[in-house]
Structure formats: C-alpha cells, structure tokens
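Me: I would like to examine how certain descriptive terms are justified for this structure. Please set each value against its criterion.

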Amino acid sequence: MLAAGHQVSVREVVLTGVRDKEALMLAFLSGLGLTHSFGRNWDALYDVLTDPEQRPPRFALVLCDYDVFRRRNRQLSAQLESALLDAQQNVGEQGRMLWLLAEEPDSDTRHW
C-alpha cells in the first residue's frame with residue numbers, strides 16, 4: 001500500500017469473538033504472522049511492534065471489529081490501548097511510523 005508516497009506494510013488483527021487475553025494474544029499471533037514462540041503477553045506484543053528487525057519502518061495495524069471488542073471488554077481494551085500507544089510512541093522515537101487503525105463497521109451511516 002502506498003500512503004503519501006511511501007510504502008506502508010499493513011496487517012489486520014481480527015478481534016471478532018475475542019473475550020479474554022489469551023484469545024487476544026492469539027489474534028495478534030495470527031494477524032501479525034508470528035511464530036508460536038510469541039510470549040502472548042503485553043511485553044511480548046510491545047517488543048514485536050517496536051523491534052525494527054521484525055517490523056518495517058512504516059507499519060499500519062488495522063484492528064478489525066474493534067468497536068465491538070472494546071464495548072465487550074472494557075478493561076482488556078484499555079490494557080491493549082496502553083500497550084499499543086506505548087509501542088507507537090517508541091517507534092516514533094526511533095524515527096519510524098506505526099499507525100493504529102480501527103476498522104469502521106459496515107453499518108456506519110455517517111455522511112461526509
């Protein structure tokens with residue numbers, strides 16, 4: 001994908017049906033194409049997202065079905081947001097980019 005003239009790597013993490021941390025970490029394992037050695041905890045997720053050898057310099061992470069996940073799992077979504085925003089800040093300090101995107105539901109009726 002090209003964004004503002006730059007190549008951007010995009011990965012989707014599908015959160016449909018995620019109800020606990022284990023399922024959330026499995027969704028990231030699958031969505032990011034990680035190996036089963038992925039630690040499945042917040043520190044491991046942070047490390048995967050901030051390691052320049054594992055992620056390209058311009059990386060977009062699309063969280064699919066995030067609105068439903070967030071309403072269903074308020075505490076878990078707050079922990080996830082904290083980990084993702086910390087990773088985004090670290091990546092920015094490295095001179096790289098991490099975009100965090102939430103997929104809008106198909107039923108969104110807003111008009112531009």
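Me: What makes the approach of the Thr50 side chain to the backbone oxygen of Tyr46 a polar contact?
Reply: In this predicted model, the side chain of Thr50 reaches the backbone oxygen of Tyr46 at 2.9 Å. A polar contact requires N or O atoms within 3.5 Å. The distance of 2.9 Å satisfies that limit, and therefore the term applies.

Me: Why is Thr50 called buried?
Reply: Thr50, which is found in helix H2, has a relative accessible area of 8%. Buried means under 20%, so Thr50 is classed as buried. Among the other buried residues of H2 are Trp42, Ala44, Leu45, Val48 and Leu49. The cover over the buried residues of this helix includes H1, E4 and H4. Thr50 itself touches Ala87, Asn90, Val91, Gln94 and Arg96, leaving aside residues up to four places away in sequence.

Me: How do you know that Arg96 has no salt bridge?
Reply: The nearest side chain of opposite charge is that of Asp51, 6.9 Å away. A salt bridge must be within 4 Å, so Asp51 does not qualify as a partner. Arg96 is nevertheless buried, and its place is in the loop between helix H4 (74-93) and strand E5 (97-102).

Me: What does the side chain of Arg96 reach?
Reply: The side chain of Arg96 reaches the backbone oxygen of Thr50 at 3.3 Å. A polar atom of this side chain also lies 3.3 Å from the backbone oxygen of Arg55. Both distances fall within 3.5 Å, and therefore both pairs meet the distance limit for a polar contact.

Me: What makes Asn41 a cap of H2?
Reply: A side-chain oxygen of Asn41 lies 3.1 Å from the backbone nitrogen of Asp43. This distance is within 3.5 Å, so the pair satisfies the limit for a polar contact. The cap is at the N-terminal end of H2.

Me: Why is Arg40 called partly exposed?
Reply: The relative accessible area of Arg40 is 25%. The partly exposed class lies between the limits of 20% and 50%, so Arg40 belongs to it. Arg40 is placed in the loop between H1 and H2, and has a positive phi of about 60° although it is not a glycine. Most residues other than glycine have a negative phi.

Me: Which class of exposure does Asp65 have?
Reply: Asp65 has a relative accessible area of 24%, and is therefore partly exposed. Its place is in the loop between E4 and H3. Phi of Asp65 is positive, near 65°.

Me: How do you know that E4 pairs with strand E3 (residues 9-14)?
Reply: Six bridges are found between E3 and E4, in the parallel sense. Pairing needs at least two bridges, so the requirement is met. One of the partners is Phe59 in E4, bridged to Ser9. Six bridges likewise join E4 to E5, and these strands also run parallel. Leu63 has Ala102 in E5 as its bridge partner.

Me: What makes E4 mostly covered?
Reply: Six of the seven residues of E4 are buried.

Me: Which elements supply the largest nonpolar core?
Reply: This core has 28 residues, and Phe28 is among those with the most contacts inside it. Helix H1 (21-31), helix H2 (42-50), strand E4 (58-64), helix H3 (66-72) and H4 each supply at least two residues. H4 gives the most, with six residues.

How values were computed:
Residues numbered from 1 in each chain as written. Predicted model: local features only at pLDDT ≥ 70, side-chain atom pairs only at ≥ 80, totals over all residues. Heavy atoms only, no water. Helix = DSSP H or I, 4+ residues; strand = E, 2+ residues; numbered from the N terminus. Buried < 20%, exposed > 50% of the residue type's maximum accessible area, 1.4 Å probe, protein only. Lys, Arg positive; Asp, Glu negative; His and termini not counted. Polar contact = N/O pair within 3.5 Å; in protein donor to acceptor, adjacent residues only side chain to side chain. Core = buried A, V, L, I, M, F, W, Y, C linked by side-chain atoms within 4.5 Å. Contact = heavy atoms within 4.5 Å.
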